[in-house]
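Me: I'd like a close look at one part of this model, namely how its helices pack and what sits around them. Please keep it friendly, since I'm still new to this.

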Amino acid sequence: MADRTTGTAPRPAAPHGPEPTPDSATGMPPARARDIERWSTAAALLGLALVALGFFIDRRQAAFSYLAAFAYWLSLALGTLIFLMIHHAINSSWFVVLRRPAEAAAAMIPLLALLSLPLLFGVDALYPWAAPAASLPAELREAIATKRPYLNVPFFLVRAAAYFATWTVVAVLLRRWSLRQAAGNGVALARRQRTLAAGALPPVAFALTFAAFDWLMSLQPTWFSTVFGVYYFAGGAVGGLALLAVIAFLLHRAGPAADILTTSHYHALGKLLFTMLVFWGYIGFVQLLLIWIANVPTETTWFAARIGGGWTAVGALLVVGHFFIPFFALLSRPLKRRPAALAAISAWLLAMHYVDAYWLVLPALHPSALRPHWIDAAAFIGIGGAVVAYGTRLLAAAPLLPRGDPRLERSLRFTTT
């Protein structure tokens, strides 16, 4: 029977090496996990301490730097969560051996909810609609007044809590039920995961879309784009798949996944990464094209600040570095079947995705020129260190294979040409 996500039939035996069994792999090696967790925790504490100092030195810069880093790391968790849900909803088998890293990445969402709290101290510094009305120009004050029923601080906080609650419930339940499969009732728990994933996809997607509107688009409240949430999702999807490719390679090189992940798994992951990269490029281009053709001043100002002045080079870097370079690299079939090569291009995409998040946020603070700041690096390291430390702990605490899942044997034997 063909795998539902690729249309290829599994072979009767594993294509490389001895046939792995569900008990042949445990989580990340404890010693390596402790080292990663220790260094990541130290980086997180240092970075967050510097961010706290930055709030005292330059509150607006610290708030914008923190938002850019937060939007980046959150998009990775959300992109991975949505692909995990799609995997359950369509009942695919090839992705099962990659599920533990995906579950760990999605389980970062409760931590990221906690890490969003510093943004509360910068709401009025980030968003013109949250600042005192008397401090705003008359034209901007009038434009914001029509949006006050939606753009006000209490409702903004309620919506943020609802978004995180939605994402957290789904991510936690999917991982919890997956871990319980090893104790029995694997088929019933797989059915339960599939039902939750299929039913929760619309609310999770809507929450992501409106979160992008609230946290990123409303930085310039006179501008709007109905496709902006899709653009943020597409970037997160590319980043989430790239993150999975990097984690898979690191686990492969460290030993636990060496007899589990085959070139076929990497090939399938690479093809999916290529697809989402094209989707990201398409959404970004169409959004720019339609707004530019309409030439409505209230709509073009957002792009004018991001493709002109000192931000021209950043926009060009996104076109070349985030799209064309990985596009032509991922066209190569041999590259997608080489774990190290796929991990290298994925690491490049993760770097480019941060450039994209930075490009979405910082022009609202510095519209005329690119002005890198040390708080940018502190925020990225602070949030990233916390995410890596917690994710490593989750990976080390669980078996690498989801034992008891009825699709596991098919996943272990998955092959594609």
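**Helix pairs and their surroundings**

Reply: Let's start with helix α3 (residues 99–106) and helix α15 (residues 374–397), whose axes come within 9 Å and cross at roughly 140°. That angle makes α3 oblique to α15 (under 35 degrees counts as roughly parallel, over 145 as roughly antiparallel, 65 to 115 as roughly perpendicular, and the rest as oblique). The crossing of α3 and α15 is right-handed, meaning the near helix is turned clockwise from the far one by less than a right angle; anticlockwise would be left-handed. On the α3 side, the contact is made by R100, P101 and A104, and on the α15 side by G391, L394 and L395. Contact here means heavy atoms within 4.5 Å. Sorted by class, the contact of α3 with α15 has four nonpolar residues, one polar and one charged (Ala, Val, Leu, Ile, Met, Phe, Trp, Tyr, Cys and Pro count as nonpolar, Asp, Glu, Lys and Arg as charged, and the others, Gly among them, as polar).

A quick word on ground rules. This is a predicted model, where local features need pLDDT of at least 70 and side-chain atom pairs count only at pLDDT 80 or more, while totals for chains, interfaces and linings use all residues. Residues are numbered from 1 along each chain as its sequence is written, and side-chain values use heavy atoms, with hydrogens and water left out. As for the names, helices (H or I, at least four residues) and strands (E, at least two) are DSSP runs numbered from the N terminus. Axes are lines fitted to C-alpha atoms, for helices over the stretch in contact, with angles from 0 to 180 degrees between N-to-C directions.

Helix α15 also has a meeting with α2. The axes of helix α2 (residues 59–89) and α15 come within 8 Å, crossing at roughly 40°, and that makes α2 oblique to α15. This crossing of α2 and α15 is right-handed. From α2, the residues involved are Q61, A62, S65, Y66, A69, F70, Y72 and W73, and they meet I375, D376, A379, F380, I383, G384 and V387 of α15. In terms of class, the contact of α2 with α15 divides into 11 nonpolar residues, three polar and one charged.

Now look at the loops beside these helices. N91 lies in the loop between α2 and α3. Its phi is near 60°, a positive value in a residue other than glycine. Most residues other than glycine have a negative phi. N91 is partly exposed, with a relative accessible area of 26% (buried is under 20%, exposed is over 50%, and partly exposed is in between, using a 1.4 Å probe and protein chains only). S368 lies in the loop between α14 (339–361) and α15. At 48% relative accessibility, S368 counts as partly exposed too. Setting aside residues up to four places away in sequence, S368 touches G309 and G310. S368 and G310 are 58 residues apart along the chain, yet their C-alpha atoms are separated by 6.1 Å.

For another pair, try helix α9 (residues 228–254) and α10, which pack at an angle of about 155° with their axes 9 Å apart. They are therefore roughly antiparallel to each other. The crossing of α9 and α10 is left-handed. The contact of α9 with α10 has 22 nonpolar residues, four polar and no charged ones.

Helix α10 (residues 263–294) has 32 residues and reaches 47 Å from its first C-alpha to its last, close to the expected 46 Å (that is, 1.5 Å times one less than its number of residues). Right after α10 comes N295, with a positive phi near 55°. N295 sits in the loop between α10 and α11 (297–307) and is exposed, with a relative accessible area of 54%.

Finally, have a look at two buried residues. Y127 lies in the loop between α5 (123–126) and α6 (138–145), and Y127 is buried, with a relative accessible area of 3%. Leaving aside neighbours within four places in sequence, Y127 is in contact with L67, F156, D214, W215, S218 and L219. D214 belongs to helix α8 (residues 186–215) and is buried, with a relative accessible area of 1%. Not counting residues up to four places away in sequence, D214 touches Y127, Y150, F156, R159 and Y163.
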